[in-house]
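Visitor: Could you take me on a close look at the inside of this protein, and at the part where the nonpolar side chains come together? I'm in my first year, so please explain the terms as you go.

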Amino acid sequence: MTTRADVDLRRARVEDLPSILAIERVSFTDPWARSSFAPLLEQPRVYFAVALDRTTGVILGYTVASFVLDEAELANLAVDPEVRGRGVGTALLEGALDAAESRGTRAMFLEVRASNRSAIALYESHAFAEVARRPAYYRKPVEDALVLRRLFTPAGG
């Protein structure tokens, strides 16, 4: 378990899925289904973590990152709307970045809605930069995606 700010991070468990799905539904207009999350729980190439309120143990957010060779994709990150702006997203992102670095990742990619200024600001504050734009990538509503990338410094370099 990793500790940051007022949250503890730990690997997601099957019993967390109802809370994860509730946050997913209020965070995204085209949410992932349980069938998208459940298989990720035991995948060795996936970092699937939840942020827990240190006092209550309530799940405040979650993140999913996948790893293939020396690249990673941050596939999903969401925080309960009631606690946004309190560092939960930062803790989740930093947990995924730590997992990437420990696996020798050279680059991490993600897609974000072009209008999601707060998410873009979070990613940019952690050395992500825009490398591409995917027109009409999102639906409900249709919107472009920005593809962001973060490069990692090789160990010893």
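Guide: Here's a walk through the core, one helix, the aromatic pairs and a pocket. First, a word on the model: it is predicted, so local features need pLDDT of at least 70 and side-chain atom pairs count only at pLDDT 80 or more, while totals for chains, interfaces and linings use all residues. Residues are numbered from 1 along each chain as its sequence is written, and side-chain values use heavy atoms, with hydrogens and water left out.

Let's start with the core. In soluble globular proteins, nonpolar side chains tend to be buried together. A nonpolar core here is a set of buried Ala, Val, Leu, Ile, Met, Phe, Trp, Tyr and Cys residues joined through side-chain atoms within 4.5 Å. "Buried" means under 20% relative accessible area, "exposed" over 50%, and "partly exposed" in between (1.4 Å probe, protein chains only). The largest such core has 33 residues, and Leu74, Met108 and Tyr123 have the most contacts inside it. Among the elements that give it two or more residues are strand E4 (59–68), strand E5 (71–79), helix H3 (88–102) and helix H4 (117–124). These elements are DSSP runs numbered from the N terminus: helices are H or I with at least four residues, strands are E with at least two. H3 hands over the largest share, 8 residues.

Now zoom in on Leu74. Leaving out residues up to four places away in sequence, its contacts include Val64, Leu93, Ala96, Met108 and Tyr123, where contact means heavy atoms within 4.5 Å. Apart from this core there's another one of 16 residues, with Leu17, Leu52, Val64 and Ala78 among them.

Back to H3. The expected span of a helix is 1.5 Å times one less than its number of residues. For the 15 residues of H3 that gives 21 Å, and the end C-alpha atoms are 21 Å apart, which agrees. Its buried residues include Val88, Leu92, Leu93, Ala96 and Ala100. After H3 comes Gly104, with a positive phi near 75°.

Next, the aromatic rings. Rings of Phe, Tyr and Trp (its six-membered ring) pair if their centres lie within 6.5 Å; planes under 30 degrees apart count as stacked, over 60 as edge-to-face and the rest as tilted. That rule gives 5 aromatic pairs. Take Phe37 and Tyr62: their ring centres are 5.6 Å apart and their planes sit at 90°, so they're edge-to-face. Phe37 belongs to helix H2 (residues 34–37) and Tyr62 to strand E4, so this pair ties together parts 25 residues apart in sequence. Phe37 is buried, at 0% relative accessible area, and Tyr62 is buried at 0% too. Both belong to one aromatic cluster with Trp32 and Phe48.

Finally, the largest pocket. On a 1 Å grid over the protein atoms alone, a pocket is an open set of points where a 1.4 Å probe fits, with protein on both sides within 12 Å along at least five of seven lines; lining residues have an atom within 4 Å of a point. Its volume is about 1000 Å³, meaning the space filled by probe spheres set on the points. There are 34 lining residues, and Phe28, Leu77, Asn116, Ala119 and Tyr123 lie nearest the centre. E5 gives the most to this lining, with 7 residues.
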